[in-house]
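Here's a structure to wander through with a guide. Take a look at it before the questions start.

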Amino acid sequence: MKNVRNREKGTGTIEKKRNRFYLKMRIGGKTRTTLLLGQDDKPVTTRKDAEKAAALLRPVYMAKEETIILIQHVLDGDSSITAQEKEQILKACRNRARRMVISAKEAMRILGISRPTLRAYVHQGLLTQINVSARKVRFAQDEVE
């Protein structure tokens, strides 16, 4: 029987672990696994939603790698840039900007507010709550500060 691929090469795979869906892609020689989130910044729970979220993420990953390659070509052509500077620039390009998250307790401490006020801020749309699980919430550090 012939092995039939039902996806395009280089688009990664969707994996399910503990009721969460992840996009696993090999980019620039490294495997990257990303939790798939819906439009409400909560983990997707169905395969159909995972496909939609992955379809939005794939072009971003592919474009980023193409951009890094273009930057590398520009740096190769510029004789005024040292090898060390080139390495630092490419390293900065490859580092994924991770969203630093903090606990609700830390957010309350930084803002100098109580938990009910923190909930009110979320309800008013002043802060975005990231639900890690049913009982754990986090907040983007840059949004709080």
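What follows is a short chat between a visitor and a guide.

Visitor: Before we dig in, what kind of model is this?
Guide: Residues are numbered from 1 along each chain as its sequence is written, and side-chain values use heavy atoms, with hydrogens and water left out. Local features need pLDDT of at least 70, side-chain atom pairs count only at pLDDT 80 or more, and totals for chains, interfaces and linings use all residues, since this is a predicted model.

Visitor: Which element supplies the largest share of the largest nonpolar core?
Guide: A nonpolar core here is a set of buried Ala, Val, Leu, Ile, Met, Phe, Trp, Tyr and Cys residues joined through side-chain atoms within 4.5 Å; buried means under 20% relative accessible area, exposed over 50%, and partly exposed in between (1.4 Å probe, protein chains only). The largest one has ten residues, among them Phe 21, Leu 23, Ala 54 and Tyr 61. Strand E2 (20-27) and helix H1 (47-77) each give at least two of them; helices (H or I, at least four residues) and strands (E, at least two) are DSSP runs numbered from the N terminus. The largest share, four residues, comes from H1.

Visitor: How far does H1 reach from its first C-alpha to its last?
Guide: H1 has 31 residues. The expected span is 1.5 Å times one less than the number of residues. For H1 that expectation is 45 Å, and the model comes close to it, reaching 45 Å.

Visitor: Which residues are linked with Glu 15 in a network of salt bridges?
Guide: A salt bridge puts a side-chain nitrogen of Lys or Arg within 4 Å of a carboxyl oxygen of Asp or Glu. Glu 15 pairs with Lys 17 at 3.9 Å and with Lys 24 at 3.7 Å. Glu 15 itself is partly exposed at 23%. So the residues networked with Glu 15 are Lys 17 and Lys 24.

Visitor: How far apart are the closest N and O atoms of Glu 106 and Arg 109?
Guide: Both sit in helix H3 (residues 104-111), three residues apart, about one turn. An α-helix has 3.6 residues a turn, so residues three or four places apart point the same way. The pair forms a salt bridge, with those atoms at 2.5 Å.

Visitor: Is Arg 18 buried or exposed?
Guide: Arg 18 has a positive phi of about 50° although it is not a glycine. Its place is the loop between strands E1 (13-17) and E2. Because its relative accessibility is 82%, Arg 18 counts as exposed.
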